[in-house]
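Work through these exercises with the structure open beside you. Try each task before you read its solution.

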Amino acid sequence: LGLQYQIFAGTITLLTILTTKWETIRLSFYRVITFFIGVLVCWLVFNHLGGGWLEYGLFVFIMVVINEIMGWSATLSVNAVIGTHFLVTQNFTIEFLINELLLVVIGIVIAIILNLIHINNAHESGIIKSMRHVEHQMKQILQELAHYLQRKSDGDRVWEDIIRLEKELDEYLELAYEYQHNTFQSHQEYYINYFEMRMKQCGALHNLHAEMRRMREMPKQAEIVAEFILDITEYVTEMNDPKKQIGELEEILETLRNEPLPESHEEFENRAELYHVLLDMEEFLLYKKRFVEEIDETQFRVYWEQEISGK
């Protein structure tokens, strides 16, 4: 195209390529806007105050202030280089303006094209694999809690397992957010909502475990609750609607209400803690129920595509 300073287009490409597609497109849009702002500032400063390095410093200062106010500081480097072109040439003709604009446009177009090549299939497969891992870990934690109620385990590992799972969920959430900003598909928030739901369930498990640890002796009703928790482990899956489990939980709560009154203060405290365990389990199930209810048709189609492809 016979452009001046043509190597600068490659620099713009390198400065514009970011981690995700949406970030690259957003930054490209900001670059075009700030280009025209930068040209206007150059014309005002260099034409009215002079074309020396002090004036260039003033130009950079003004651009820093504008970019900070608008939150577009990532565009400053390109504007600073464009400012040097105008400083050296003192050329504000339409032809030179088009020359500089084409350098910016070519650079950001190549950056967008390169980012579009990014393949998301492997990224999505990794997220789905993480979902299965979370479900497996949650099943193990529920089994440990049930065994603690049955006095088959001391429950010492539960606390550490929940904390470890929460740390893993933080990492998986970051991956889900990165995937969201790297795809143009309509179901992009599905994975984020899933991991956030599991994080809330971990909080319910924390409370549940704390209630169990406060029981000095297990009441006889603890066996019923333990069996219910073991039954829940079979349904810790991505798309299970826990309506049935919530109904069973309500039946157990009603059964406990109809039990004979405790005969001692200690038995009263233990049964009260057991009642709170069931309330925590209800909260655990309600988080999943809300997640399933909020899934739209597009997201439901994503799930079945996973099932068909064997993911």
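**Exercise 1. A loop residue.** Which residues does Thr-233 touch, not counting residues up to four places away in sequence?

Solution. Start with the ground rules. This is a predicted model: local features need pLDDT of at least 70, side-chain atom pairs count only at pLDDT 80 or more, and totals for chains, interfaces and linings use all residues. Residues are numbered from 1 along each chain as its sequence is written, and side-chain values use heavy atoms, with hydrogens and water left out.

Step 1: locate the residue. Thr-233 sits in the loop between α9 (222-232) and α10. Helices (H or I, at least four residues) and strands (E, at least two) are DSSP runs, numbered from the N terminus.

Step 2: list the contacts, meaning heavy atoms within 4.5 Å. Thr-233 touches Lys-139, Leu-142 and Gln-143.

Step 3: check the accessibility. Buried means under 20% relative accessible area, exposed over 50%, and partly exposed in between (1.4 Å probe, protein chains only). Thr-233 has a relative accessible area of 3%, so this residue is buried.

**Exercise 2. The whole chain.** How many helices and strands are in the chain?

Solution. Step 1: count. The chain has 12 helices and zero strands.

Step 2: look at burial. Of the 311 residues in the chain, 44% are buried.

Step 3: look at the contacts. Take those between residues at least 6 apart in sequence: 80% of them join residues at least 24 apart.

Step 4: look at the surface. The chain exposes about 16400 Å², and carbon and sulfur atoms supply 58% of that area. Accessible areas come from the Shrake-Rupley method with a 1.4 Å probe; for residues, only the protein chains shown count as cover.

**Exercise 3. The faces of a helix.** Which residues of α10 are buried, and which are exposed?

Solution. Step 1: take the helix's dimensions. Helix α10 covers residues 243-257, which is 15 residues. From first C-alpha to last, α10 reaches 21 Å, close to the 21 Å expected at 1.5 Å a residue. The expected span is 1.5 Å times one less than the number of residues.

Step 2: list the buried residues. In α10 they are Gln-245, Ile-246, Leu-249, Ile-252, Leu-253 and Leu-256.

Step 3: look down the axis. The buried residues of α10 fall within an arc of 115°, so they line one face of the helix. The arc is that of the directions from the helix axis to the C-beta atoms.

Step 4: recall the geometry. An α-helix has 3.6 residues a turn, so residues three or four places apart point the same way.

Step 5: turn to the other side. There, Lys-243, Lys-244 and Glu-251 are exposed.

**Exercise 4. Charged pairs.** Which residues do salt bridges that share partners join into one network?

Solution. Step 1: apply the rule. A salt bridge is a side-chain nitrogen of Lys or Arg within 4 Å of a carboxyl oxygen of Asp or Glu. The count comes to seven salt bridges.

Step 2: begin inside one helix. Glu-135 pairs with Arg-132, with the closest N and O atoms 3.1 Å apart. Both lie in helix α6 (residues 121-149), three residues apart, about one turn of the helix. Glu-135 is buried at 7%. Arg-132 is partly exposed at 27%.

Step 3: follow Arg-132 onward. Its side chain also meets that of Glu-238 in a salt bridge (2.6 Å, N to O). Arg-132 lies in α6 and Glu-238 in the loop between α9 and α10, so the pair ties together parts that are 106 residues apart in sequence. Glu-238 is buried at 2%.

Step 4: take another pair. Arg-157 forms a salt bridge with Glu-144, the closest N and O atoms being 3.5 Å apart. Arg-157 lies in helix α7 and Glu-144 in helix α6, so this pair ties together parts 13 residues apart in sequence. Arg-157 is exposed at 54%, whereas Glu-144 is buried at 13%.

Step 5: name the network. Salt bridges that share partners join Arg-132, Glu-135, Arg-198 and Glu-238.
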